[in-house]
Amino acid sequence: MKLDVLQNILKEKIASKIILLVLDDVWNEDKEEWRKLCAPFMYAAPGSNVIWKPIVLGDLDEISFWELFKQCAFGPSKPEEHPELVEIGRSIASKLKGLPLAAKTVGNLLGSNMNPHYWRSIMKSEVWILQQNNKNDIIPVLQLSYQYLSAPLKRCFAFCSLFQKNYMFSEIELTRMWIAEGFVVAQGNQRMEDVASKYLHELVNMSLFQTSRGDYYVMHDLIHDLTQSVSVDETSRMDNGKSNKISTTLRHLAVETEFVETKELRCIRVLVLSHCGLQMLATSVGGLVHLRYLDISYNELEELPESLCELYNLQTLIVKGNFLISLPEDIIQLVNLRHLDVENEIVVKIKMIGRLISLEELFEFRVRKEVGFMITELSGLQQLHGKLKITNSEIVESKEEAEMAQMKNKEYLDALELGWGFYTKLENKLVATEEVLEGLQPHESLKGLKIRRYCGARSPSWMKKEELSNLERLELSFCESWKDISCTALLPHLMVFHIESTWFSKSCFEVCGSSESKLFPMLEEL
């Protein structure tokens, strides 16, 4: 809404009421901005107050500062067991001017390695000389944390200078940008997303990132200043068309402007055009052949150009929050696409989605009796993570067809939902359904399984402890013909078991109950 509308709403809310307004961490000194902010408060009742005058916080006293520093540096270890480190630590703490941020960053840096030689190297660092030259500058001290980062972490951290101060970012957003920029390399069996997540949490542990609301993170203002000081030659921001002199070594640029021409930016890897009011994406986007991350979410797009399908290096495509009905038909050419963030009703319309062999998330797959939508499309999607929901399973006609989905090979899936539609209780249909469920055997690493409207009476042979040894959650709903579910009683790690409208016989557990094995050994919720 426009400012005057917001002002009127606020005025109505507080009119004739006594209010106390406390403004914290406000850096703006523009008198006109203050006038706009305070205008509605003129209508508050007498006795109202606004606390905004600066309250200067002094340094922490020596005892309190040492307690904070000691907590960060020694963690769960007992300082009295490391007298040599305590002596070094007190020497370092005395140089930090009582600043809590310095205590956290330097303390966590020391805590990462409890070796006296390592602590002495930090105590003798040249940054203390730089600090003496400018006693009001804390940046040299904070730079200690940066200097001791690994090379990949240095690149990832410096990249964050592109964000505005106080910008809240999610783990998914930032780590996927790092991957797109080539800062992250897979390590052994760890995929790039896992390595990037580890990097982010290392920066959190070093107090270079702070947790914010929800699942978001933010950088302290001084830490943001640090990112700018260490990336000055490679990274720059242009806010409202204003910029410092652009270096010839510039590699990363953040632009806040009403118009961006991208035709000449053929080498860019990350392009974020969200919340821009875009009504059309230019066909020239297909020329950005190195693009790996494209965010065009929350605009006014009704369709996407076919040239988008020429971005063969694209890893992340975010298009949610638009007016799209479908994606371009050739979207399946993006064989390197790992993350597709768009409304589910659009994803289920993608024909031959199985060609997106790098895709890591797929919320729902709706089986249809059409080429490009049969359950066999799932065979190529071996990188799926998280949860997958398969609906319209009644369309699958045989065990052999179900096995072609290769569910048993999807080792990264955490949860699987198998759903049937309404069915007729014909004898041959019931038998076929049992065979189909048999063919949809999941990988043994699966942790959550939901089966809905299964009309068979027989349990699949794979529903046993040897095949589902990691299953923690099981839901059976509207499986009205399934009488014997005794196989579930011996699942070793089952903690949550939900049963809805499934008319099993209580006596079915008597047979397995007579054995030596304990029934439902880990069950917490029924």
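Here is a short tour of a few local features of this predicted model.

Residues are numbered from 1 along each chain as its sequence is written. Because the model is predicted, local features need pLDDT of at least 70 and side-chain atom pairs count only at pLDDT 80 or more, while totals for chains, interfaces and linings use all residues.

Let's start with confidence. The protein chain has an average pLDDT (the predictor's confidence in each residue, from 0 to 100) of 89, and 93% of the residues score at least 70. Confidence is highest in strand β10 (residues 316–318), at 98, and lowest in helix α16 (residues 510–513), at a mean of 55. Helices (H or I, at least four residues) and strands (E, at least two) are DSSP runs, numbered from the N terminus. Where pLDDT is low, the predicted coordinates should not be read in detail.

Next comes helix α5 (residues 100–111). Its 12 residues should span 16 Å at 1.5 Å a residue (1.5 Å times one less than the number of residues), and the end C-alpha atoms are indeed 16 Å apart. Nine of the 12 are buried, so α5 is largely enclosed by the rest of the structure. Among the buried residues are Leu101, Val106, Gly107 and Asn108. Buried means under 20% relative accessible area, exposed over 50%, and partly exposed in between (1.4 Å probe, protein chains only).

Finally, two loop residues have a positive phi although neither is a glycine. Most residues other than glycine have a negative phi.

| Residue | Phi | Loop between | Relative accessible area |
|---|---|---|---|
| Met352 | about 60° | α13 (344–347) and β12 (364–366) | 22%, partly exposed |
| Gln406 | about 55° | α14 (399–403) and β14 (413–419) | 32%, partly exposed |

Terms used: Side-chain values use heavy atoms; hydrogens and water are left out.
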